[in-house]
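Here are my notes on the model, set out as numbered points. Please read them with the coordinates open.

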Amino acid sequence: MKPFLIGVVALVSLVANASTEENPAEALLHQMGQATEQQNYELSYILVRKNSIEPLRFRHALVEGESFGHIAYLSGPPREVIRRGDEISYFEPGVDPFTIESSQMIAPLPAIMQADIEHLSTMYDFVPLGRAREAGLPCDVVRVSPKDGERYSYVLWIDQASKLLVRADLLDRDGDPIEQYRALSLVISPQISEGMSTLAALELPPVVQVPKSSDSILKWQVTGLPEGFMPIYQNRHRLLITERPVESQMFSDGLFSFSVYLAEADKMSVREQLVRKGSRTLHSHVVGNAEITVVGEIPPATAKKVAESVTLSPASDASAVPAVNETQTP
């Protein structure tokens, strides 16, 4: 190899190594993601919110190379979530069990566990905070902070040995905790795979078809999206109680998501409303004949900004929302 090429190869190698060394927190998060999907483990943990503490158990294993997961709620009515590869089954009291096709469990687990870290690096800073101890385990601590200040942040405790997440604090813009996921015990064992293999033979509810995103062009748009949030779904449906037609769009940055709803204002509409419960915010306001509502995992100030950025086409208002014949949605 010519000296010039040798020098180029060496330079590229140095740059790559420097990049890894300069951001050890990002490398650690990649390791956490791999461990989450590849190891056989059982986590007993609590989910701490402002007025509640909920105990849960999460088991994960690879069964013949396929990812299996199981979440059990340990207090109150029996509730479970079962993952077999790309099929997720939900069992809730008062609701018929159902299965959907998805690679992500919609469950009380930190969203960061199922996120694409490389994608998030364009919108969040990963900052190492040193070491601490959690659930009796020595951990590396990392902060995941939004670059724009318009969304929530995380502080993560990652077990040094297994690289599994054992604590996650979801923080608001002031740094105050909104909710905490805290492991009480962690067991890593190949026997968990043997126990989880029984799920392979379990008869689960048939897969239901999720309504497809509407291809029609909406006569309104959101002009004030925080950077990185992209539309992932849109639909037209009727509200179950009022039967009002409503149009909606869902947006996500790969970690948090929210939906924007547009309906025709009526006598029940509130001129402006703001409700926050845990990580979820609801902000609605009325502009002309349009009632605009934002619901999702974003701070109140961001929800307000998004709602106020909705623009309707010059010749339309919420009365342009057409009648629909789709399945009613609560």
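1. A residue is called buried here if its relative accessible area is under 20%, exposed if that value is over 50%, and partly exposed in between. In helix α5, which covers residues 300-308, the buried residues are T302, A303, V306 and A307. Around the helix axis they span an arc of only 135°, so they lie on the same side of α5. The elements that cover these buried residues include the strands β12 (220-222), β15 (257-264), β17 (280-287), β18 (290-296) and β19 (310-312).

2. The model is predicted, and the remarks here should be read as remarks on a prediction. For the protein as a whole, the secondary structure consists of 5 helices and 19 strands. There are 330 residues, and 43% of them count as buried. The accessible surface is about 17,700 Å², with 53% of this belonging to carbon and sulfur atoms. Among contacts with a separation of 6 or more, 50% are made by residues 24 or more positions apart.

3. How is the sheet of 11 strands ordered? The sheet is open, its pairing is antiparallel, and the order reads β6-β5-β4-β3-β2-β1-β11-β10-β9-β8-β7. At its edges stand β6 (98-101) and β7 (124-134); each has a single partner strand, so one side of each has no neighbour in the sheet. From one strand to the next, the twist averages 15°.

4. Strand β3 (residues 66-73) merits its own point. On one side, 8 bridges connect β3 to the antiparallel strand β2 (residues 52-63). L56 is the residue that stands opposite Y73 of β3. Strand β4 (residues 80-84) is also antiparallel to β3, and 5 bridges join the two. Within this second pairing, G69 stands opposite R83 of β4, while F68 has R84 of β4 as its bridge partner.

5. Is β3 mostly enclosed or mostly open to its surroundings? Of its 8 residues, 7 are buried, so β3 is largely enclosed by the rest of the structure. In a regular strand, side chains alternate between the two faces of the sheet.

6. The two hairpins that involve β3 can be compared by their connections. The hairpin of β2 and β3 has 2 residues between the strands, and E64 there takes a positive phi near 55°. The hairpin of β3 and β4 has 6 residues between the strands, and in this case G76 takes a positive phi near 75°.

7. Strand β14 (residues 245-252) holds S248. Is S248 buried or exposed? Its relative accessibility is 7%, and because the limit for buried is under 20%, S248 counts as buried. Which residues does S248 contact, if neighbours within four places in sequence are left aside? They are L218, W220, Y233, Q234, N235, H237, V260 and Y261.

8. P245 also belongs to strand β14. With a relative accessible area of 22%, P245 is partly exposed, whereas S248 is buried at 7% relative accessibility. P245 and E264 are 19 residues apart in sequence, and their C-alpha atoms are 7.9 Å apart in space.

Terms used: Residues are numbered from 1 along each chain as its sequence is written. This is a predicted model: local features need pLDDT of at least 70, side-chain atom pairs count only at pLDDT 80 or more; totals for chains, interfaces and linings use all residues. Side-chain values use heavy atoms; hydrogens and water are left out. Two strands pair if DSSP finds at least two bridges between them. Helices (H or I, at least four residues) and strands (E, at least two) are DSSP runs, numbered from the N terminus. Axes are lines fitted to C-alpha atoms, for helices over the stretch in contact, and angles run from 0 to 180 degrees between N-to-C directions. Buried means under 20% relative accessible area, exposed over 50%, partly exposed in between (1.4 Å probe, protein chains only). Contact means heavy atoms within 4.5 Å. Accessible areas come from the Shrake-Rupley method with a 1.4 Å probe; for residues, only the protein chains shown count as cover. The arc is that of the directions from the helix axis to the C-beta atoms.
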